[in-house]
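Subject: Handing over a structure, with notes on what was found

Dear colleague,

I am passing on to you the structure shown below, and my notes follow it. Please read them with the model open beside you.

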Amino acid sequence: MTINFTPEPEFQAKLTWISDFVQEELEPLEPLYDCLDEKVWEQEVLAPLKQKVRDQGLWACHLEKELGGQGFGQLPLAQMNFITGRVPFAQEVFGNMAPDSGNAELLAEGGTEAQKERWLWPNLNGDIRSSFAITEPWVAGTDPTQIQSTAVLEGDEWVINGRKWMITNASRADFIIFMLVTDSEAPVHRRCSMIVVEKGTPGLEILRDIPTMHHPHSEYGSNGNHAEVLLENVRVPKENLIGEVGGGFILSQVRLGPGRIHHAARWLGEADRAFEMMCERTKSRFSFGKSYSQHQMVQDYIAESRIDIETAKLLTLKAAWTMDQLGNAAARTEIAMAKVYNARVVCNVVDRALQVHGSLGYSCDMPLEMMYRSARMTPLVDGANEVHKVAIAKAALKHVEAVEGWPSEHIPTRKAIILKRFGHLLDTSA
Ligand SMILES: Cc1cc2nc3c(=O)[nH]c(=O)nc-3n(C[C@H](O)[C@H](O)[C@H](O)COP(=O)(O)OP(=O)(O)OC[C@H]3O[C@@H](n4cnc5c(N)ncnc54)[C@H](O)[C@@H]3O)c2cc1C
């Protein structure tokens, strides 16, 4: 099968529009972000921009057409995400902001018609907000088979108890999708189910928004916060179960697989931004009689960053292309490689750009210090890099056979074998 990453001319025109829109209309707004009242920001600033995106037929491109999206497929999405990743709030403007974007995919896949009416359509309209809760403070988030929070069916209700944390947007969500143990005796990957709890349900308590490296001082309820959530004898109707009992792990794959590659592609938009800042600074400042751009160690930063970003983009496009051509399951290793590598690239490129800016880079006068803090989450979210590497190594080893004695490339052994066929030639050449 021929691999082709070249966009169709019609889609290339869309990419050009996206690039101009992001750089000319979104990037200049960044210094205002966090300064305006949230309602003013959403209604006065973002709403007209969202309309422009809708007018271009670019709203919620990650969703299929029947859900109000564009059904573009993963390759065009990756090419879009390289660009929209340049600006943190671009996902909201393009209608694919996490965690709403993944929850919409999940409800579309596993939700009943009644659930779609109640949560999916209003969420897609932007009338209500959502959140997604797997991680717990007392057990490894990298191994969700250890989840402890439970839901027990009593009559027509699920009774839920437990604690979750680092739950993005839980403090402002109208509903939260929880991953909960519904049968602790079932085979490991059939133990959990997904159940919706709506805001205001008695027993659901948002304990706090946890200050993080990215947002050490943000106010409770701000967009992008990560909450600690307590569930004490929370009762919800049994109809709040999404999919089937014990189907939580299968459903989570629907949500997490494509989401990973979307995030990983956006990190490269951030890396592009940092790279551009680094290049501009190196041409604009001098030391020891020459421009920074003429110092070989700085040239090394630039060359390494350029190679890193280009490699990461190709890896991401290959993963997206494989998803489109062969399905998400066939692309599992490619997705894992892109996730691991892109996380490394964005951390490294932002770090080099910050270094080249000296104290200006460390100061809050440049976006680099914020990008540095934000980028640090990339190796540990969406599955820790180590866990993806385990999967990559397992895939690489799957068809490898152990050998007894010397390795198959052992030169003396190979020489002895080949000499049995061609040894007589040695005599003649002597
Ligand atoms: C910004 C942010 C937003 C988040 N949003 C959400 C959200 O909306 N909903 C939600 O449910 N969760 C969310 N999380 C939680 C996130 O999914 C978890 O942090 C992640 O799964 C890791 O789990 P953990 O923090 O418990 O770390 P642990 O599981 O304790 O892992 C810590 C480290 O241990 C090492 N490690 C673990 N297992 C292995 C292994 N097999 N091999 C080698 N090393 C290993 C790795 O270095 C790993 O980084 C968010 C986290 C962050 C930082």
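The residues of the shell around the ligand divide by class into 13 nonpolar, 5 polar and 1 charged, and please keep in mind throughout that this is a predicted model. In total 19 residues surround the ligand, and the closest are Thr135, Ala140, Gly141, Thr142 and Glu386. Two or more residues of this shell come from each of strand 1 (130–133), strand 3 (157–168) and helix 12 (385–397).

To place the ligand in the wider protein, it helps to have the domains in mind: the protein is divided into domain 1 (9–99), domain 2 (112–242) and domain 3 (262–394). Where does the ligand lie with respect to domain 2 and domain 3? Both of these domains give residues to the shell around the ligand, so the ligand lies between them.

As for domain 1 and domain 2, their C-alpha centres lie 27 Å apart, and the contact takes 5 residues from domain 1 and 6 residues from domain 2. On the side of domain 1 that touches domain 2, the residues divide into 4 nonpolar, 1 polar and no charged.

Next come the helix pairs, for which a general remark may be useful: two packed helices are described by the angle between their axes and the distance between the axes.

Helix 7 (residues 248–284) takes part in the pairs that follow, beginning with helix 5 (residues 100–110), which packs with helix 7 at an angle of about 140°, the axes being 9 Å apart. That angle makes helix 5 oblique to helix 7, and helix 5 passes helix 7 in a right-handed crossing. In this contact, Gly102, Glu105, Leu106, Glu109 and Gly110 of helix 5 meet Leu251, Val254, Arg255, Pro258 and Gly259 of helix 7, and by class the contact has 4 nonpolar, 3 polar and 3 charged residues.

With helix 8 (residues 296–326), helix 7 packs at an angle of about 160°, and their axes are 10 Å apart. Helix 7 and helix 8 are therefore roughly antiparallel to each other, and their crossing is left-handed. The residues of helix 7 that meet helix 8 include Ile261, Leu268, Phe275 and Met278, while those contributed by helix 8 include Val298, Tyr301, Ile309 and Lys313. Sorted by class, the contact of helix 7 with helix 8 has 15 nonpolar, 3 polar and 2 charged residues.

How are helix 7 and helix 9 arranged, roughly parallel or roughly antiparallel to each other? The axes of helix 7 and helix 9 (residues 332–356) come within 8 Å and cross at roughly 20°, and the two helices are therefore roughly parallel to each other. The crossing of helix 7 and helix 9 is left-handed, and by class their contact has 18 nonpolar, 3 polar and 5 charged residues.

Finally, there are two points about the backbone that you may wish to look at, and a general remark sets them in context: most residues other than glycine have a negative phi, and most peptide bonds are trans. A cis peptide bond joins Ala98 and Pro99, with omega at about 0°, and Pro99 is found in the loop between helix 4 (90–93) and helix 5. Met166, for its part, has a phi near 65°, a positive value in a residue other than glycine, and Met166 lies in strand 3, one of the elements that give two or more residues to the shell around the ligand.

With best wishes

Conventions
Residues are numbered from 1 along each chain as its sequence is written. This is a predicted model: local features need pLDDT of at least 70, side-chain atom pairs count only at pLDDT 80 or more; totals for chains, interfaces and linings use all residues. Domain bounds come from an automatic or database domain assignment. Two residues are in contact if their C-beta atoms, placed from the backbone, lie within 7 Å. Ala, Val, Leu, Ile, Met, Phe, Trp, Tyr, Cys and Pro count as nonpolar, Asp, Glu, Lys and Arg as charged, and the others, Gly among them, as polar. A residue is near a molecule or strand if its C-beta atom, placed from the backbone, lies within 6 Å of it. Helices (H or I, at least four residues) and strands (E, at least two) are DSSP runs, numbered from the N terminus. Axes are lines fitted to C-alpha atoms, for helices over the stretch in contact, and angles run from 0 to 180 degrees between N-to-C directions. Angles under 35 degrees count as roughly parallel, over 145 as roughly antiparallel, 65 to 115 as roughly perpendicular and the rest as oblique. A crossing is left-handed if the near helix is turned anticlockwise from the far one by less than a right angle, and right-handed if clockwise.
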